[in-house]
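Here are my notes for your first look at this protein. Keep the sequence and the 3D view side by side as you read.

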Amino acid sequence: MAELPDGSLVGYATCSPELSTWEGREYLHMDCLFLLPGHRGLGLGVLLMDAVAAEARALGLDEVQWQTPVWNDGAIRFYDRMGARARQKVRYSLPVAP
């Protein structure tokens, strides 16, 4: 969680360990990193990414993976500045009836 000194929550990152059957190893999957618009560009995203990386290390994992939509230019610039490497992938969703 990204919390300001006054206790206001302005962002979060969520992650969980996953198994890559393709690579035959575990990694930490970051599902979401979010900051309220007025709190972007202040270094909070870097702190959240540092916390995610620390969680991976604590779990004995050597990689964090995540996705972002191709239209999210701000996130792509941020991740590129962090030194992350983009991988090509097509994501699918299949609705299923209850």
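**Notes on the predicted model**

1. Start with the inside and outside. Of the 98 residues in the protein, 21% are buried. Remember that this is a predicted model. The C-alpha atoms fill a box of roughly 45 × 35 × 35 Å along the principal axes.

2. Next, the fold. The protein has two helices and four strands. Read from the N terminus, the order is β-β-β-α-β-α. Trace that order in the 3D view before going on.

3. Now the charges. Side chains of opposite charge can pair when their charged atoms come close. How many salt bridges does the structure hold? The count is five. Glu23, Arg25, Asp62, Glu63 and Arg87 are linked in a network of such bridges. The next three points take pairs from this network.

4. Glutamate 23 and arginine 87 meet through their side chains in a salt bridge, at 3.8 Å from N to O. Glutamate 23 sits in the loop between β2 and β3, and arginine 87 in the segment after α2, so the pair ties together parts 64 residues apart in sequence. Is glutamate 23 buried or exposed? Neither: with a relative accessible area of 35%, it is partly exposed. Arginine 87 is also partly exposed, at 48%.

5. Arginine 25 and aspartate 62 form a salt bridge through their side chains, at 2.9 Å from N to O. Arginine 25 belongs to strand β3 and aspartate 62 to the loop between α1 and β4, so this pair ties together parts 37 residues apart in sequence. Arginine 25 counts as partly exposed because its relative accessibility is 29%. Aspartate 62 has 68% and counts as exposed.

6. Arginine 25 has a salt bridge with glutamate 63 too, at 2.4 Å from N to O. This pair links distant parts of the chain, with glutamate 63 in the loop between α1 and β4 and arginine 25 in strand β3, 38 residues apart. Why does glutamate 63 count as buried? Its relative accessibility is 14%, and buried means under 20%.

7. Look for the largest pocket. It holds about 1,300 Å³ of space. Its lining has 34 residues, and Trp66, Gln67, Arg85, Ala86 and Arg87 lie nearest the centre. Arginine 87 is thus a name to mark twice, as it is also in the salt-bridge network. Which element gives the most to this lining? Helix α1 does, with six residues. By class, the lining has 16 nonpolar, seven polar and 11 charged residues.

8. The second largest pocket holds about 590 Å³. It is lined by 23 residues, with Leu33, Arg40, Asn72, Ala75 and Tyr79 nearest its centre. β3, α1 and α2 each supply at least two lining residues. The lining divides into 12 nonpolar, seven polar and four charged residues.

9. Turn to the surface. Met1, Leu9, Tyr12, Phe34 and Leu36 form a nonpolar patch there, with about 460 Å² of accessible area together. Take leucine 9 from this patch: it is found in strand β2, residues 9-20. Leucine 9 has 47% relative accessibility, so it counts as partly exposed.

10. Finish with a glycine. Glycine 45 is found in helix α1. With a relative accessible area of 9%, glycine 45 is buried. Glycine 11 is 34 residues from glycine 45 in sequence, and the two are 8.4 Å apart in space, C-alpha to C-alpha.

Technical notes: Residues numbered from 1 in each chain as written. Predicted model: local features only at pLDDT ≥ 70, side-chain atom pairs only at ≥ 80, totals over all residues. Heavy atoms only, no water. Patch = residues over 30% accessible without salt bridge, like charges linked within 9 Å, V, L, I, M, F, W, Y side chains within 5 Å. Areas by Shrake-Rupley, 256 points an atom, 1.4 Å probe, with all protein chains shown as cover. Salt bridge = Lys/Arg side-chain N within 4 Å of Asp/Glu carboxyl O. Buried < 20%, exposed > 50% of the residue type's maximum accessible area, 1.4 Å probe, protein only. 1 Å grid on protein atoms, 1.4 Å probe; cavity = no way out; pocket = protein on both sides within 12 Å on 5 of 7 lines; lining within 4 Å. Points joined across faces, edges and corners; volume = space filled by probe spheres on them. Nonpolar A, V, L, I, M, F, W, Y, C, P; charged D, E, K, R; others polar.
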